[in-house]
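Open the structure in your viewer and keep the sequence beside it, because each stop on this tour begins with something to select. Take the stops in order, and turn the view as you go.

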Amino acid sequence: MASEVENNPVTEEEHCSISSERKSHHSDKMKQNLASRLNRIEGQVRGIKGLIEKDTYCDDVITQISATQAALNSVAKILLEGHLKECVVDRIKEGDMEVLDEVLVTIQKLMKK
């Protein structure tokens with residue numbers, strides 16, 4: 001899935017700028033991309049539920065779960081890339097070094113999965 005991130009680099013205008021409320025401000029293009037990916041993931045989850053309800057062979061269900069997890073990881077990678085390139089860099093430039101601890105905690109959370 002790393003190739004998806006590499007093939008869809010996040011540009012400054014597509015990601016976020018920091019406001020006093022610490023919100024991300026994604027471009028419409030980025031929101032559409034993420035929403036489309038999440039809609040597909042939502043469909044995958046509904047499909048997994050259907051497989052379980054139909055008593056589908058466990059290995060086949062697990063394979064679909066793995067694909068869904070990979071898709072979610074891809075969304076997380078896209079968001080993390082943009083966050084690092086824009087939000088974190090901006091906060092460091094402003095002298096806010098606490099953002100590094102925040103990023104480390106976020107990465108630890110992602111690595112637990």
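Among contacts in the chain between residues at least 6 apart in sequence, what percentage join residues at least 24 apart? The figure is 61%, and, like every value on this tour, it has been computed from a predicted model.

Begin with the whole chain, coloured by secondary structure, and follow the pattern α-α-α-α along the sequence; there are four helices and zero strands. If you then switch on the surface, the chain exposes about 8,000 Å², of which carbon and sulfur atoms supply 55%. Of the 113 residues in the chain, 25% are buried.

Next, select Ser27, which sits in the loop between α1 (2-7) and α2. Is Ser27 buried or exposed? Its relative accessible area is 16%, and buried means under 20%, so Ser27 counts as buried. Now add Met30 to the selection and look at its backbone nitrogen, which lies 3.1 Å from a polar atom of the Ser27 side chain.

From Met30, extend the selection to the whole of α2 (28-53). With 26 residues at 1.5 Å a residue, α2 should span 38 Å, and its end C-alpha atoms are 37 Å apart, which agrees. Show the side chains of Met30, Leu34, Arg37, Ile41 and Ile48, and mark Gly50 as well, for these are the buried residues of α2. Just beyond, α2 is followed by Asp55, whose phi is positive, near 55 degrees.

Move on to α3 (58-93) and follow it from end to end. This helix has 36 residues and reaches 50 Å from its first C-alpha to its last, which is close to the 52 Å expected at 1.5 Å a residue. Where is the kink in α3 centred? Select His83 and look along the helix on either side, where the kink comes to about 40 degrees. After the helix comes Gly95, which also deserves a click: its phi is positive, near 90 degrees.

For the last stop, select Met30, Leu34, Ile41, Ala71, Val75 and Ile78 together, which are the six residues of the largest nonpolar core. The elements that give two or more residues to this core are α2 and α3, the two helices you have just followed. Keep Met30 highlighted as you finish, since you have now met this residue as a member of the core and as the partner of Ser27 through its backbone nitrogen.

Note on methods: Residues numbered from 1 in each chain as written. Predicted model: local features only at pLDDT ≥ 70, side-chain atom pairs only at ≥ 80, totals over all residues. Heavy atoms only, no water. Core = buried A, V, L, I, M, F, W, Y, C linked by side-chain atoms within 4.5 Å. Buried < 20%, exposed > 50% of the residue type's maximum accessible area, 1.4 Å probe, protein only. Expected span 1.5 Å × (residues − 1). Contact = heavy atoms within 4.5 Å. Areas by Shrake-Rupley, 256 points an atom, 1.4 Å probe, with all protein chains shown as cover. Bend = angle between axes of the 7 residues up to and from the residue. Polar contact = N/O pair within 3.5 Å; in protein donor to acceptor, adjacent residues only side chain to side chain.
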